Amino acid sequence: DFDYQEHCFEVVISQPAPLGVTSKLSKDGKQVVLAMEGANFYTIELNGKIIETQKQQITLDLKNGNNAISVSTNLTCQGIYEDTLFTSDKPVVFPNPFVNRTKVFLGAAEEEVGIDVFDATGRLVKSKKYIPNNREVDLDFIDLPSGIYLVRFKGKTVEGMTKVIKK
């Protein structure tokens, strides 16, 4: 015989807040400011270098080219933030070659930039003023045939010309 006694338990399972990260490029594009929330301790990996911090905000220096950023906490259930930031001192067109659209990464903050497109014979085929978004301008070549083009860009702090190939 067993003497049965009823026992009641209340179990509360809680979970941590999710990892929250926002990134903002500095005006010159040489640094990124990370604002983090959801933990007391963060592990940041920038281009293979590990940085551990308890700060909610940190400013990191970027290199020219691609910069791989990863932010995590000691609790995997909070998730991982990953981003790739591209920075350059000079304007860069990517992708190149392309099918119908490409982008010009200006390398400097501009309020407005004029872009002229010339065909292989030097004839102006497109000219337009653009307002860059995060130092990038989307170029549309849908109405132009496949071929080699020269793209000239001019703003207050950036000026240059580059060759692009439309497939």
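Reader: How many bridges join strand β9 to β12?
Author: The model is predicted, with local features needing pLDDT of at least 70 and side-chain atom pairs 80 or more, while totals for chains, interfaces and linings use all residues. Residues are numbered from 1 along each chain as its sequence is written, and side-chain values use heavy atoms, without hydrogens and water. Strand β9 (DSSP E runs of at least two residues, numbered from the N terminus) covers residues 101-105 and runs antiparallel to β12. Strands pair at two bridges or more, and the number joining β9 to β12 is five.

Reader: Which residue of β12 is the bridge partner of Phe105?
Author: Strands β9 and β12 run antiparallel, with β9 spanning residues 101-105. The partner of Phe105 in β12 is Glu136.

Reader: Which strands stand at the edges of the sheet?
Author: The open sheet has three antiparallel strands in the order β8-β9-β12. Because each edge strand has a single partner, one side of each is left without a neighbour in the sheet, and these strands are β8 (92-94) and β12 (136-140).

Reader: What is the average twist from one strand to the next in the sheet β8-β9-β12?
Author: The sheet is open, with the order β8-β9-β12 and antiparallel pairing. From one strand to the next, the twist (between axes fitted to C-alpha atoms, on a scale of 0 to 180 degrees) averages 25°.

Reader: How many disulfides does a search of the whole structure find?
Author: Cys8 counts as exposed (over 50% relative accessible area, 1.4 Å probe) at 68%, and Cys77 is exposed at 61%. For disulfides (cysteine sulfur atoms within 2.5 Å), the search of the whole structure finds zero.

Terms used: Helix = DSSP H or I, 4+ residues; strand = E, 2+ residues; numbered from the N terminus. Buried < 20%, exposed > 50% of the residue type's maximum accessible area, 1.4 Å probe, protein only.
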